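Here's a short set of exercises to work through with the model open in your viewer. Try each task before you read its solution.

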Amino acid sequence: MEPDRISYSAGMKVNIGNYESADFHVSMSSDVSKGETSEEALARIAKFVDKALENKIREHVPSRFEDEGDDKW
């Protein structure tokens with residue numbers, strides 16, 4: 001039998017000033033590991049995707065985080 005598969009996507013539109021914005025989207029699919037529930041698998045990949053999204057935004061729009069400190073996310 002095939003293992004269950006979980007998918008998770010996250011995205012954010014970021015104002016980059018001068019009436020411009022940038023869209024960032026990250027998604028991932030993963031098999032549910034043996035002994036892992038679907039909820040645990042979703043939490044695992046959601047944590048990865050959310051961090052990847054944050055890193056991409058930090059890379060391309062560092063000014064988004066200048067005034068908010070490191071605990072924005």
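**Exercise 1. Decide whether Ser30 is buried or exposed, and find what it touches.**

Step 1: Ser30 has 13% relative accessibility, so it counts as buried (buried is under 20% relative accessible area, exposed over 50%, partly exposed in between, with a 1.4 Å probe and protein chains only).
Step 2: Place Ser30 in strand 2 (strands are DSSP E runs of at least two residues, helices are H or I runs of at least four, both numbered from the N terminus).
Step 3: Leaving out residues up to four places away in sequence, Ser30 touches Asp4, Arg5, Ile6, Arg44 and Ile45 (contact means heavy atoms within 4.5 Å).
Step 4: With Arg44, Ser30 shares a side-chain polar contact of 3.3 Å (a pair of N or O atoms within 3.5 Å; within protein, one must be able to donate a hydrogen and the other to accept it, and residues adjacent in sequence count only if both atoms are side-chain atoms).

A word on the ground rules: this is a predicted model, where local features need pLDDT of at least 70 and side-chain atom pairs count only at pLDDT 80 or more, while totals for chains, interfaces and linings use all residues. Residues are numbered from 1 along each chain as its sequence is written, and side-chain values use heavy atoms, with hydrogens and water left out.

**Exercise 2. Work out how strand 1 and strand 2 pair.**

Step 1: The protein chain's elements run β-β-α from the N terminus on.
Step 2: Strand 1 and strand 2 pair in the antiparallel sense, over 12 bridges (pairing takes at least two DSSP bridges).
Step 3: Ser30 comes back here, since Ile6 stands opposite this strand 2 residue.
Step 4: Two residues sit between the strands of this hairpin, and Asn18 takes a positive phi near 50 degrees.

**Exercise 3. Find the residues of the largest nonpolar core and the elements that supply them.**

Step 1: The core holds 10 residues: Ala10, Val14, Ala22, Phe24, Val26, Val49, Leu53, Ile57, Val61 and Phe65 (a core is a set of buried Ala, Val, Leu, Ile, Met, Phe, Trp, Tyr and Cys residues joined through side-chain atoms within 4.5 Å).
Step 2: Strand 1 (5-17), strand 2 (20-31) and helix 1 (38-60) each give two or more residues to this core.
Step 3: Chain-wide, 25% of the 73 residues count as buried.

**Exercise 4. Is Glu2 buried or exposed?**

Step 1: Glu2 lies in the segment before strand 1.
Step 2: Its relative accessible area is 67%, so Glu2 is exposed.
Step 3: Glu2 and Val32 are 30 residues apart in sequence, and 9.9 Å apart C-alpha to C-alpha.
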